[in-house]
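Colleague: I am new to this structure. Please walk me through how to read its features, one at a time.

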Amino acid sequence: MNVREPDWAYVAKSLVKVVAVTAALLLVLGVAERVLWLFTDFGDERVAQVYGTAARVVNPDKRLTSGYSDGGALWGTTYTLLGEPRKAGRGEGEEEYAIEENSFGSVRAPSLGGPSGGLARAIDSVEEDADVDKELTEEARKTIDALPQTLDAVAVVEFADSMTAERLVAFNRRHSICGGADVSYIYSLSYYDDSSDPPSANAVVWNRDMTKDGFSTEVSYQCETEPTAALAEFRRWVGLLNEGDDLKEFDLDYKWLTEDAEEGVVHGLVVDRWKLADLRKLLDDPEVRTVRLADVAFDLGEAG
């Protein structure tokens, strides 16, 4: 009995067709899922919560105070943030910063990839548990003492050792620091290592104003105990994320963010428009390693 050999060319073509049809169906289902998500009532809100907040987290050099969505379309959603450079002096008007999410879930935010300028350098200089450095502290004293103490400043306060929320509350009480829009917390330092995956990450700088937008309720600050509330809000935001969120454009990593939120320690503060005299007092606290000035300016409102 003769056994007929299979037509292997026909079999191969059939398999290719099956694979192609399967891939096409998966693609269509994926796009359909994304489109349905974009047109749900919660789509724009989640883009704002996840990516709008991510942009604020990694761009502390900007005051990104509000945002709006285009409402979503078949090809994706554009969420536009409004803000200005974080300077010590008066603002020069708002600029627009667009975040675009396409129907496949990929995100582009080319002008919001990370901070720049003096504040970025000050944040990048912060070290983890760097311990006391009397020479560095004295250098900061001399720099501040050489300037008029009534100047407003944008600066980074670096701690000698990482602070838990409890220790930071005690620190706030010692120095009568009341949490608010002018104090942000550095939960994670910037990182670069081309041998790792991901190869780099922006610093995580958190303030509860970062989740304040058209979809959120009014933020109520808690003065000296604000570090505890800020950490709770940071953990709440990280809890909204999932591994499918495209955070690469912001040089953030889901796994690292969850670790940062769980650890919950603060390496330093970003302070906005503080008087130099108030920053100078912090240098007498042994828990403060140094203060790095990013920008200073006269308060023209007071001068008037």
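Colleague: Take E233 and R236 to begin with. In which helix do E233 and R236 lie, and how many residues apart are they?

Modeller: This is a predicted model, so keep that in mind throughout. Both residues sit in helix α6, residues 226-240. They are three residues apart, about one turn of the helix. E233 and R236 also form a salt bridge, with 3.0 Å between the closest N and O atoms.

Colleague: Are E233 and R236 buried or exposed?

Modeller: Buried means under 20% relative accessible area, and exposed means over 50%. E233 has 17% relative accessibility, so E233 counts as buried. R236, at 38%, counts as partly exposed.

Colleague: Which residues do salt bridges with shared partners join into one network?

Modeller: That network holds E138, R141, D145, R280 and D284.

Colleague: How many salt bridges are there?

Modeller: The count comes to 22. One of them joins E158 and R292, whose closest N and O atoms are 2.4 Å apart. E158 belongs to strand β5 and R292 to strand β11, residues 288-297, so this bridge ties together parts that are 134 residues apart in sequence. E158 and R292 are both buried.

Colleague: And E287? Which side chain does E287 meet in a salt bridge?

Modeller: E287 meets R167, at 2.3 Å from N to O. E287 is in the loop between α8 (276-282) and β11, while R167 is in helix α5, so the pair ties together parts 120 residues apart in sequence. R167 has a relative accessible area of 32%, so it is partly exposed.

Colleague: Now a charge without a bridge. What is the nearest side chain of opposite charge to D260?

Modeller: A salt bridge needs the nitrogen and oxygen within 4 Å. For D260, the nearest side chain of opposite charge is R235, 11 Å away. D260 is buried yet has no salt bridge. Its place is in helix α7, residues 254-263.

Colleague: Which residues is D260 in contact with, leaving aside its neighbours within four places in sequence?

Modeller: D260 is in contact with Y187, S188, V204 and F234. Two of these names, Y187 and F234, come back in a ring cluster.

Colleague: Let us turn to rings, then. How many aromatic pairs are there?

Modeller: The count is seven. In one pair, F159 and F171 are 5.4 Å apart, centre to centre. Their planes make an angle of 75°, and the pair is edge-to-face. The partners come from distant parts of the chain: F159 from strand β5 (residues 152-163) and F171 from helix α5 (residues 165-175), twelve residues apart.

Colleague: Why do F159 and F171 count as buried?

Modeller: Look at the accessible area. F159 is at 1% relative accessibility, so F159 counts as buried. F171 is buried too, with a relative accessible area of 0%.

Colleague: What kind of aromatic pair do Y185 and Y187 form?

Modeller: A tilted one. The centres are 6.5 Å apart, with 35° between the planes. Y185 and Y187 are both buried. Ring pairs link these two with W206, F234 and W237 into a cluster.

Colleague: Which ring face does R208 lie over?

Modeller: R208 lies over the face of Y221. The distance from the ring centre is 5.1 Å.

Colleague: On to strands. In what order do the four strands of the open sheet come?

Modeller: The order is β1-β2-β3-β4, with antiparallel pairing. The edge strands are β1 (62-69) and β4 (107-108), and each pairs on one side only. Between β3 and β4, the antiparallel pairing runs over two bridges. One bridge partner in β4 is R108, facing E100.

Colleague: Where is R90 found?

Modeller: R90 is in the loop between β2 (76-85) and β3 (95-102). At 61% relative accessibility, R90 counts as exposed. R90 and F298 are 208 residues apart in sequence, and 9.4 Å apart from C-alpha to C-alpha.

Colleague: Finish with the whole chain. How many helices and strands are there?

Modeller: The protein chain has nine helices and eleven strands. Of its 304 residues, 44% are buried. For contacts with a separation of 6 or more, 74% join residues 24 or more positions apart.

Methods: Residues are numbered from 1 along each chain as its sequence is written. This is a predicted model: local features need pLDDT of at least 70, side-chain atom pairs count only at pLDDT 80 or more; totals for chains, interfaces and linings use all residues. Side-chain values use heavy atoms; hydrogens and water are left out. Rings of Phe, Tyr and Trp (its six-membered ring) pair if their centres lie within 6.5 Å; planes under 30 degrees apart count as stacked, over 60 as edge-to-face and the rest as tilted. Buried means under 20% relative accessible area, exposed over 50%, partly exposed in between (1.4 Å probe, protein chains only). A charge sits over a ring if NZ of Lys or CZ of Arg is within 6 Å of the ring centre and within 35 degrees of the ring normal. Lys and Arg count as positive and Asp and Glu as negative; His and the chain ends are not counted. Contact means heavy atoms within 4.5 Å. Two strands pair if DSSP finds at least two bridges between them.
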